[in-house]
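Let's take a walk through this protein together, one region at a time. Have the sequence and the model open and follow along.

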Amino acid sequence: MILVTGATGNVGGEVVEALARAGEPVRALVRRPVEPSAWQADKVEQAVGDLNEPSSLTPSLDDVRGVFLLPGYRDMPGLLDRMRRAGVERVVLLSSLATVATDTRNVLSEYMIGSETAVRESGLAWTFLRPNAFMSNALRWLPQLRAGDVVRDSFGTVPVASVDPYDIAAVAVRALLDPGHDERVHALSGPEPLLPAQRLAILGEALGRNLRFHALSDEEGRTEMAAAGVPEPYIRAFFRFYGDGTLDESQVYPTVEEVTGRPPRSFREWAAAHRAAFTRPGAE
């Protein structure tokens, strides 16, 4: 049995689906029950638990040998100890290239590094996934696209070889099921670096709309992030990464093809696959 945390998220949901397609026994961990239609209900077990409360996971860990794990929970060592004592053998951690930024003195790097350290010291077999930014981050533009054809966003001059969560999940599944991934760190990217305006233009083609990108100044970007409720330590981290250039997500890595045997999906493919999310009323 494989336990998938973050099972309703962009990556975790893809991991659940990929395991179900492969015919592997999979258990989706959620904080509260969700509609069975969220996954292939006849192939996916649903378990309720809170990763910030390791004691709540005891029933969820029955017969579990592998875990797809998100980072940053309150007691990562205690959580991993609970898994080890329950018989878990392997953890695939969704981490970040923030762990190897040129300046890791920020809240995002610190909790990612702390999570990786806890996994390394857990006594479990482990694999780390360090993806570039997700293609699904474009879903943040939905409210603006409902209001018009102009998207305002920060870091307009920063190219990113963003990666489809579908591909992150494909690598995660291979790391969970196949030998040869122990103590390996997989850096993941899409096939090409694109500026935000280029991603928006591709999305516009998929939607049949003439979309335009407006790059925010740093001051405007900080103000809008704060207004959206982003905590100040995270705003500082984002501007260290992308404003000061301490994190380079323009690099293209061969990992997806090396692990899965096929090239990573392009942003054009992602946009086509998620067209309905941008056209369905009320979709997020």
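Which residues are linked in a network of salt bridges? Keep in mind that you're looking at a predicted model. The network is made up of Asp103, Arg105, Arg240 and Asp244. Zoom in on one of its pairs: Asp244 forms a salt bridge with Arg240, and the closest N and O atoms are 2.5 Å apart. Arg240 has a relative accessible area of 29%, so it counts as partly exposed. As for the general idea, side chains of opposite charge can pair when their charged atoms come close. There's plenty of that here, as a search of the whole structure turns up 20 salt bridges.

Now for the big sheet-and-helix picture. Seven strands form an open sheet, in the order β3-β2-β1-β4-β5-β6-β8, and the pairing is parallel. At the edges sit β3 (44-48) and β8, each pairing on one side only. On average, neighbouring strands of this sheet are turned by 20° against each other, ignoring direction. Take β1 (residues 2-4) and β4 (residues 66-69) as a sample: they run parallel and are joined by three bridges. Here you can spot Ile2 standing opposite Gly66 in β4.

Helices pack on this sheet too. Helix α1 (residues 10-21) touches β1, β2 (26-30), β3, β4 and β5, and its direction makes about 155° with that of β1. Helix α3 (residues 107-120) also packs on the sheet, touching β4, β5 and β6 (125-131), with its direction at about 160° to that of β6.

Next, hop over to strand β7 (residues 150-153). Which of its side chains are buried, and which are not? They alternate along the strand: Val151 and Asp153 point to one face and are buried, while Val150 and Arg152 point to the other and are not. β7 runs parallel to strand β9 (residues 212-215), and four bridges join the two. Within that pairing, Val151 has Phe213 in β9 as its bridge partner.

Follow the chain on from β7 and you enter the loop that leads to α5, which is where Phe155 sits. Its phi is near 60°, a positive value in a residue other than glycine. Phe155 counts as buried because its relative accessibility is 15%, below the 20% cut-off.

That loop brings you to helix α5. Asp164 caps the helix's N-terminal end, with a side-chain oxygen 2.9 Å from the backbone nitrogen of Tyr166. How far apart should the ends of α5 be? At 1.5 Å a residue, the 13 residues of α5 (residues 165-177) should span 18 Å, and the end C-alpha atoms are indeed 18 Å apart, so the two agree. The helix is mostly covered, with ten of its 13 residues buried. Among them are Pro165, Ile168, Val171 and Leu176. Arg174, on the other hand, is partly exposed, with a relative accessible area of 27%. Arg174 forms a salt bridge with Asp178, their closest N and O atoms being 2.6 Å apart. Asp178 counts as partly exposed as well, at 26% relative accessibility.

Past α5, the loop towards β8 has some nice details of its own. The side chains of Asp182 and Arg90 meet in a salt bridge, 2.4 Å from N to O. This pair links distant parts of the chain: Asp182 is in the loop between α5 and β8 (184-188), Arg90 is in strand β5 (residues 90-94), and they are 92 residues apart. Are these two buried or exposed? Asp182 counts as partly exposed at 41% relative accessibility, whereas Arg90 is buried, with a relative accessible area of 18%. Glu183 is found in the loop between α5 and β8, and its phi is near 55°, a positive value in a residue other than glycine. Glu183 counts as exposed, because its relative accessibility is 60%.

Finish at Arg184, found in strand β8 and partly exposed, with a relative accessible area of 38%. Leaving out residues up to four places away in sequence, Arg184 touches Trp126, Thr127 and Phe128. A polar atom of the Arg184 side chain lies 3.3 Å from the backbone oxygen of Gly180. And although Arg184 and Val92 are 92 residues apart along the chain, their C-alpha atoms are separated by 9.9 Å.

Note on methods: Residues are numbered from 1 along each chain as its sequence is written. This is a predicted model: local features need pLDDT of at least 70, side-chain atom pairs count only at pLDDT 80 or more; totals for chains, interfaces and linings use all residues. Side-chain values use heavy atoms; hydrogens and water are left out. The expected span of a helix is 1.5 Å times one less than its number of residues. Buried means under 20% relative accessible area, exposed over 50%, partly exposed in between (1.4 Å probe, protein chains only). A polar contact is a pair of N or O atoms within 3.5 Å; within protein, one must be able to donate a hydrogen and the other to accept it, and residues adjacent in sequence count only if both atoms are side-chain atoms. A salt bridge is a side-chain nitrogen of Lys or Arg within 4 Å of a carboxyl oxygen of Asp or Glu. Two strands pair if DSSP finds at least two bridges between them. Axes are lines fitted to C-alpha atoms, for helices over the stretch in contact, and angles run from 0 to 180 degrees between N-to-C directions. Contact means heavy atoms within 4.5 Å.
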